[in-house]
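Here are my notes on the model, set out as numbered points. Please read them with the structure open.

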Amino acid sequence: MTVLDRTDPEGEIAKTVARVSNWGRWGEDDVRGTMNFLTDAKRVEAAGLVRTGRSHSLSLPFDMDGPQNGWRRRTNPVHTMLDTGTDAVTGVQGFPHGIGGADDVIAMPLQCSTQWDGLGHIFDHGRAWNGRPAETVVTSLGDGVTGIETVAEVVCGRGVLLDVGRAVGTELGTDGELPDGFAITEEHLERTIAAQGPTSAVGRGDIVVVRTGQLARARRGVAAGEGWGGYAGGPAPGLSFTTADWLHRTEIAAIATDTWGFEVRPNEFDDAFQPLHQVAIPHLGLFLGEMWDLDGLAVACAEDGRYEFLLTAAPLRVTGAVGAPVNPIALR
């Protein structure tokens, strides 16, 4: 079991980076990081996982009732109509022969709901993915090197659900949900794989989705009129900083969770902010997904014991974006 020095996040990050950095692995010009593991051959294999044709959207709604609370100007989407049925009926649209229509617009931060963190999202001591100076990668014009559009065509492959909430939460007596502040270690991940069986084995090029159960708990609060509580930026179950070696060793293409911030919160150091991000994105080149809705998929996987599926999860192709919305579809 890895023991962290809680008083020295910078030192622990540096030691971990020395073990797991992928800088230069795919050449000095690389912009796709671990998506290089997700090859055409891997996608062909993934297509063979479709048995029933049943599909599951893993996206939260994009609406004004979402979980954001304004932290760092992250707000929920604002949806406004430009043309409506009322406009059509009253004749203000001015179209001929009785035709009318509706149009709308949305304004939102790109990471306000179900999304991918791109490789330009996080830096380590001023360095972006592959060792590039951050100021040469992301400017006021956006990410001109590793913008999210660079992977828009490739995020489709074998998805694997690790329902840690069910496998470990049940042992804790929490009814399929991990408590806030619970750090998911490599041992928890491997225990979940063993409990679920061979279809949840994780390997090169996979897109792993980890269910903690926190989203289900948050939605009960919303349904009860209590709001989202601390879902956005508050205490949460999530991956332990110590899983950086597992993330590196398994050679996965990407990983997503049903939480706001992917890693455990509060973080595992006395004074830190998202230290696993600081390793995973700029050093591993790993794509992180957050706020994914995995509850329906988890039920389906538990029913038939199959935890692998074809997953298509292309980000919205926003040029130069450091993160982007996505409507992931798991096809079983």
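1. Gly-147 sits in the loop that joins strand S6 (142–143) to S7. This is a predicted model, and in it Gly-147 is buried, at 0% relative accessibility. Apart from neighbours within four places in sequence, Gly-147 touches Gly-320 and Ala-321. His-121 is 26 residues away from Gly-147 along the chain, and the two C-alpha atoms are separated by 9.4 Å.

2. Glu-303 belongs to helix H11. Is its side buried or exposed? Glu-303 has a relative accessible area of 60%, and the cut-off for exposed is over 50%, so Glu-303 counts as exposed. Its C-alpha lies 26 Å from that of Val-326, with the two positions 23 residues apart in sequence.

3. Other residues of H11 are buried: Asp-295, Leu-297, Ala-298, Ala-300 and Cys-301. Which elements do the buried residues of H11 pack against? They pack against three elements of the list from S1 to H5, namely strand S1 (55–57), strand S7 (156–162) and helix H5 (164–167), and also against helix H8 (214–223), S13 and strand S15 (329–331). After H11 comes Gly-305, which has a positive phi, near 75 degrees.

4. Arg-306 lies in the loop from helix H11 (295–304) to strand S13 (308–312). Its relative accessible area is 14%, and buried means under 20%, so Arg-306 counts as buried. Leaving out neighbours within four places in sequence, the contacts of Arg-306 are Leu-49, Arg-51, Thr-52, Thr-199, Cys-301 and Arg-332. One of these contacts, Cys-301, is also among the buried residues of H11.

5. How many of the residues of H10 are buried? Ten of the ten are, so H10 is largely enclosed by the rest of the structure. The buried residues run through Pro-275, Leu-276, His-277, Gln-278, Val-279, Ala-280, Ile-281, Pro-282, His-283 and Leu-284. The cover over them includes H1, S4, S10, H9 and strand S12 (287–290). H10 is followed by Gly-285, and the phi of Gly-285 is positive, near 75 degrees.

6. H1 is part of that cover, and the packing of H1 with H10 can be described further. The axes of H1 and H10 are 10 Å apart and meet at an angle of about 30 degrees. Angles under 35 degrees count as roughly parallel, so H1 is roughly parallel to H10. From H1, the contact is made by Ile-13, Thr-16, Val-17 and Val-20; from H10, by Pro-275, Gln-278, Val-279, His-283 and Leu-284. The crossing of these two helices, H1 and H10, is right-handed. As background to such contact patterns, an α-helix has 3.6 residues a turn, so residues three or four places apart point the same way.

7. The whole structure contains seven aromatic pairs. One of them joins Trp-26 and Trp-129, with 6.3 Å from centre to centre and 45 degrees between the planes, and it is tilted. Why does this pair tie together parts that are 103 residues apart in sequence? Trp-26 is in the loop between helix H1 (9–20) and helix H2 (40–47), whereas Trp-129 is in the loop between strand S4 (115–117) and helix H4 (134–137), so the pair ties together those parts. Trp-26 is partly exposed, at 24% relative accessibility, while Trp-129 is buried, at 1%. Together with Phe-37, Trp-26 and Trp-129 form one aromatic cluster.

8. Phe-241 and Phe-269 form another pair. Their ring centres are 5.5 Å apart and their planes stand at 80 degrees, so the pair is edge-to-face. Phe-241 comes from the loop between strand S10 (238–239) and helix H9 (244–249), and Phe-269 from the loop between strand S11 (254–257) and helix H10 (275–284), so the pair ties together parts that are 28 residues apart in sequence. Phe-241 is buried, with a relative accessible area of 2%, and Phe-269 is buried too, with 4%.

9. A charge also sits over a ring in this model: the charged end of Arg-72 lies over the ring of Trp-71, 5.8 Å from the ring centre.

How values were computed:
Residues are numbered from 1 along each chain as its sequence is written. This is a predicted model: local features need pLDDT of at least 70, side-chain atom pairs count only at pLDDT 80 or more; totals for chains, interfaces and linings use all residues. Side-chain values use heavy atoms; hydrogens and water are left out. Helices (H or I, at least four residues) and strands (E, at least two) are DSSP runs, numbered from the N terminus. Buried means under 20% relative accessible area, exposed over 50%, partly exposed in between (1.4 Å probe, protein chains only). Contact means heavy atoms within 4.5 Å. Rings of Phe, Tyr and Trp (its six-membered ring) pair if their centres lie within 6.5 Å; planes under 30 degrees apart count as stacked, over 60 as edge-to-face and the rest as tilted. A charge sits over a ring if NZ of Lys or CZ of Arg is within 6 Å of the ring centre and within 35 degrees of the ring normal. Axes are lines fitted to C-alpha atoms, for helices over the stretch in contact, and angles run from 0 to 180 degrees between N-to-C directions. Angles under 35 degrees count as roughly parallel, over 145 as roughly antiparallel, 65 to 115 as roughly perpendicular and the rest as oblique. A crossing is left-handed if the near helix is turned anticlockwise from the far one by less than a right angle, and right-handed if clockwise.
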